[in-house]
Amino acid sequence: MNFDKDLETCIQILKDGGIILYPTDTIWGLGCDATNKTAVAKIFALKQREEKKSMIILLDSENNIANFCKAPSQSIPNILSETTSALTIIYPEARNLATNLINEDGTIAIRIVKDAFCEALIKSLGKPIVSTSANISGEASPRFFDQISVVIKNGADYVVQHRQKDKTNAKPSKIILWKSDDEIVVIRE
């Protein structure tokens with residue numbers, strides 16, 4: 001299956017409230033429409049993850065960040081432009097997302113993707129997508145497609161064919177917390 005066919009199928013699955021298993025700019029992830037509460041609940045159930053443990057959303061452009069949280073300060077675009085690795089930033093005052101995706105303290109973790117497939121998927125869908133590691137909660141995050149459990153593969157409504165044989169060394173993103181007073185706290189290196 002080719003890139004375009006995967007993309008077309010993913011968009012339909014996401015619009016229908018389904019879950020996809022897909023390659024990201026970091027590791028393989030489970031995803032859904034980040035504005036669909038029912039779809040988000042399906043991911044929590046599949047991962048056997050407590051809903052109070054929030055998940056990351058992916059956007060295709062930093063220009064869209066303010067649509068889903070408090071408008072970031074001018075320092076955030078500088079941080080994003082200076083980073084060479086995948087960076088997830090936790091922002092305050094999340095909005096316009098599924099309520100079960102927003103952390104209890106009102107924050108949301110956002111990563112601007114640097115992957116052609118993810119960018120095309122988000123642009124075509126016109127909404128952010130969830131990105132959470134493709135594993136049962138508490139188990140090791142799979143770095144390659146062949147490390148993903150059968151339970152996760154069978155639980156997704158669609159498994160992307162693109163990059164399944166890719167063995168590029170992948171790792172989860174760095175996570176930082178942006179506080180309103182422009183303080184930055186590193187959560188995960």
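## Salt bridges, cores and helix H1 in a predicted model

Lys 52 and Glu 50 form a salt bridge through their side chains, with N and O 3.6 Å apart. Lys 52 is exposed, at a relative accessible area of 52%, while Glu 50 is partly exposed at 47%. The model is a predicted one, and the values below are computed from it.

### Salt bridges

The count of salt bridges comes to 7. Three of the pairs are described here. Asp 33 pairs with Lys 127, and their closest N and O atoms are 3.3 Å apart. Because Asp 33 sits in the loop between E2 and H2 and Lys 127 in the loop between helix H4 (116-125) and strand E6 (129-133), this salt bridge ties together parts 94 residues apart in sequence. The two partners differ in accessibility: Asp 33 is buried, with a relative accessible area of 5%, whereas Lys 127 is partly exposed, with 34%.

Arg 163 and Asp 115 form another salt bridge, in which the closest N and O atoms are 2.7 Å apart. This pair also links distant parts of the chain, with Arg 163 in the loop between strand E7 (158-159) and E8, and Asp 115 in the loop between E5 and H4, 48 residues apart. Arg 163 is partly exposed, with a relative accessible area of 25%; Asp 115 counts as buried at 10% relative accessibility. Through shared partners, salt bridges join Asp 115, Arg 163 and Asp 166 into one network.

| Salt bridge | N to O distance |
|---|---|
| Lys 52 and Glu 50 | 3.6 Å |
| Asp 33 and Lys 127 | 3.3 Å |
| Arg 163 and Asp 115 | 2.7 Å |

### Nonpolar cores

The largest nonpolar core has 39 residues, and Leu 21, Tyr 91, Leu 101 and Ile 110 have the most contacts inside it. At least two residues of this core come from each of strand E2 (28-31), helix H2 (37-47), strand E3 (56-59), helix H3 (75-82), strand E4 (87-91), strand E5 (108-112) and strand E8 (174-178). H2 supplies the largest share, 5 residues.

Which residues does Leu 21 contact, leaving aside its neighbours within four places in sequence? They include Trp 28, Gly 29 and Leu 30, and further along the chain Ala 134, Phe 145, Ile 148, Ile 152, Lys 153, Ala 156, Tyr 158, Val 159 and Val 160. A second core, separate from the largest one, has 22 residues, among them Ile 11, Ile 13, Ala 120 and Leu 121.

### Helix H1

Helix H1 covers residues 3-15. Its 13 residues should span 18 Å at 1.5 Å a residue, and this agrees with the 18 Å between its end C-alpha atoms. The buried residues of H1 are Asp 6, Leu 7, Cys 10, Ile 11, Ile 13 and Leu 14. Viewed down the helix axis, the buried residues of H1 fall within an arc of 165°, so they line one face. An α-helix has 3.6 residues a turn, so residues three or four places apart point the same way.

The elements covering the buried residues of H1 include strand E1 (20-23), E2, H4, E6 and E7. Turned away from the buried side is a face with the exposed residues Asp 4, Glu 8 and Lys 15. At the N-terminal end, Asn 2 caps H1: one of its side-chain oxygens lies 3.2 Å from the backbone nitrogen of Asp 4. After H1 comes Gly 17, with a positive phi near 85°.

### Thr 132

Thr 132 is in strand E6 and is buried, with a relative accessible area of 6%. Its side chain makes a polar contact of 3.5 Å with the side chain of Lys 47. Beyond four places in sequence, Thr 132 is in contact with Trp 28, Gly 29, Leu 30, Ile 43, Lys 47, Arg 49 and Met 55. Trp 28, Gly 29 and Leu 30 thus appear in the contacts of Leu 21 and in those of Thr 132.

### Positive phi outside glycine

Most residues other than glycine have a negative phi. Gln 48 has a positive phi, near 55°. Gln 48 lies in the loop between H2 and E3 and counts as exposed, at 56% relative accessibility. Glu 93 likewise has a positive phi near 55°. Its place is in the loop between E4 and E5, where Glu 93 is partly exposed with a relative accessible area of 47%.

Key
Residues are numbered from 1 along each chain as its sequence is written. This is a predicted model: local features need pLDDT of at least 70, side-chain atom pairs count only at pLDDT 80 or more; totals for chains, interfaces and linings use all residues. Side-chain values use heavy atoms; hydrogens and water are left out. A nonpolar core is a set of buried Ala, Val, Leu, Ile, Met, Phe, Trp, Tyr and Cys residues joined through side-chain atoms within 4.5 Å. Buried means under 20% relative accessible area, exposed over 50%, partly exposed in between (1.4 Å probe, protein chains only). Helices (H or I, at least four residues) and strands (E, at least two) are DSSP runs, numbered from the N terminus. Contact means heavy atoms within 4.5 Å. A salt bridge is a side-chain nitrogen of Lys or Arg within 4 Å of a carboxyl oxygen of Asp or Glu. The expected span of a helix is 1.5 Å times one less than its number of residues. The arc is that of the directions from the helix axis to the C-beta atoms. A polar contact is a pair of N or O atoms within 3.5 Å; within protein, one must be able to donate a hydrogen and the other to accept it, and residues adjacent in sequence count only if both atoms are side-chain atoms.
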